[in-house]
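Here's a quick look at one sheet and the cysteines around it. Have the viewer open as you read.

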Amino acid sequence: MSTLYDKIWERHLVHTEEGKPALIYIDLHLIHEVTSPQAFEGLRLAGRQMRRPERTFATIDHAIPTLHRDRPFKDPIAAQQVATLRENCREFGVKLYDLDRIEQGIIHVFGPEQGLTHPGMTIVCGDSHTSTHGAFGALAFGIGTSEVEHVFATQCLQQTRSKNFRINVEGELPFGVSAKDVILGIINEIGMGGATGHVVEYTGSTIRSLSMEGRMTVCNMSIEGGARAGLIAPDETTFEYLNGRPFAPKGEAWERAVEDWKQLSTDEDAYFDRTHEIDANRLEPFVTWGTSPDMSVKITGSVPEISEAKDRSEADSFERMYEYMGLEPATPIEKIEIDRAFIGSCTNARIEDLRAAAKVAKGYHVRSGVNALVVPGSMQIKNQAEEEGIAQTLLDAGFEWRDAGCSMCLAMNDDVLAPGERCASTSNRNFEGRQGRGGRTHLVSPTMAAAAAIAGHFVDVRDWKFKN
């Protein structure tokens with residue numbers, strides 16, 4: 001009896017030797033402008049060519065500005081990174097979706113959107129949140145620059161086999177609770193290192209009821225719980241999403257692919273090294289208060305007190321977080337005021353996320369003194385949101401509307417927090433300095449971020465008065 005992870009692993013195993021990492025084949029390699037230059041240079045210095053350039057796809061997302069990107073970049077490093085990627089892709093025959101392409105977007109939005117991500121694949125990228133693609137039943141994980149070069153040269157990768165971890169989420173999600181709250185709730189319970197050494201398979205009626213966008217949000221943050229990757233077995237929701245996309249199989253090939261993908265599920269009596277149960281009915285909107293994704297509380301809660309720490313080490317961590325985040329113990333979350341709001345990133349910049357934010361924003365206006373930014377995950381999504389009227393709703397409400405890119409998820413472009421600024425963010429990491437030196441990040445869902453931008457402080461979106 002095998003788990004889904006076991007089945008994908010066995011399908012891609014090239015060589016195994018006791019006491020050493022195994023060698024597995026990589027089906028899809030995604031690259032961007034930041035983590036690929038050294039890998040390409042390594043090939044060049046060694047006089048090697050890429051083993052299978054047709055299995056590598058590139059786009060530009062991390063360092064680029066999301067405003068006036070048709071003008072010369074202000075940041076010379078970003079300009080050099082983009083120019084280098086263009087030259088490397090040209091030299092080595094890699095397909096690049098550049099800034100002039102409608103397909104361009106955040107790498108983990110771009111891949112699924114184009115139908116490059118298929119169930120049963122192995123997928124790697126020089127980016128931590130490659131686990132996003134696990135929503136399709138693909139084994140997907142981030143790799144380092146030296147590993148990027150290894151995949152370029154061999155289309156294979158050395159990997160140590162992970163353990164299996166099943167997280168089962170059952171029940172109907174309450175009103176106002178989103179996929180982002182599901183994964184924040186999971187990480188809150190298992191801890192930031194709770195899944196270290198494991199590949200997590202998410203199961204249960206709650207997961208099955210999620211859209212593909214919601215499933216990608218859950219799998220995206222698997223790494224924040226320490227997991228090597230996150231997986232959700234493919235089903236009709238998966239197939240419906242993929243059907244007709246540019247790189248999805250066509251005609252008879254599609255029918256054969258679906259029959260194969262239907263076999264990609266965990267056997268009934270398969271063994272998991274660890275399991276964890278979540279009752280969806282008990283979930284609420286979550287807000288992180290500290291500087292790691294597991295430091296979150298329900299919107300109805302308060303900043304924890306020192307007495308709530310499990311041990312002295314956690315107590316010391318609490319004290320550091322109070323100081324960095326500028327918070328007092330026992331402060332109700334709804335009393336925390338914000339300066340900025342960011343709706344975007346590979347976690348929450350898909351059309352479903354933007355629709356949800358616009359529904360909250362309709363008929364309201366961003367609070368004076370708050371700067372609110374919406375950055376679509378791809379130019380395709382941007383166009384769709386403009387056609388649906390979502391963009392205009394957000395603009396009317398005082399949100400800024402930008403071009404696609406990673407933007408304020410990480411301080412690698414023009415969109416950064418100033419020291420001491422507090423942000424309600426739909427991204428995936430709230431580490432110190434993640435959004436800018438001295439910036440204070442609170443992770444929330446798109447609806448919670450939109451509501452906070454309008455109220456000027458965190459509010460319980462379940463009590464929001466929606467306007468038609």
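Below are some ground rules, then the sheet, then the cysteines.

## Ground rules

This is a predicted model, so local features need pLDDT of at least 70 and side-chain atom pairs count only at pLDDT 80 or more, while totals for chains, interfaces and linings use all residues. Residues are numbered from 1 along each chain as its sequence is written, and side-chain values use heavy atoms, with hydrogens and water left out.

## The sheet

Five strands make an open, parallel sheet, ordered β17-β16-β15-β18-β19. Strands (E, at least two residues) and helices (H or I, at least four) are DSSP runs numbered from the N terminus, and two strands pair if DSSP finds at least two bridges between them. At the edges sit β17 (400-401) and β19 (440-443), each pairing on one side only.

Strand β18 (residues 422-425) runs parallel to β19, joined to it by four bridges. Across from T441 in β19 you'll find C423. Helix α15 (residues 446-455) packs on the sheet and touches β15 (340-343), β16 (371-374) and β18; contact here means heavy atoms within 4.5 Å. The direction of α15 makes about 150 degrees with that of β15, using lines fitted to C-alpha atoms (for helices, over the stretch in contact) and angles from 0 to 180 degrees between N-to-C directions.

## The cysteines

How many disulfides does the structure hold? Zero, with a disulfide being a pair of cysteine sulfur atoms within 2.5 Å. The closest cysteine sulfur to that of C409 belongs to C346, and at 5.9 Å it's too far for a bond. For C423 the closest is in C409, 11 Å off and also too far.

Both cysteines are buried (under 20% relative accessible area; exposed is over 50%, partly exposed in between, with a 1.4 Å probe and protein chains only). C409 has 6% and C423 has 0%.
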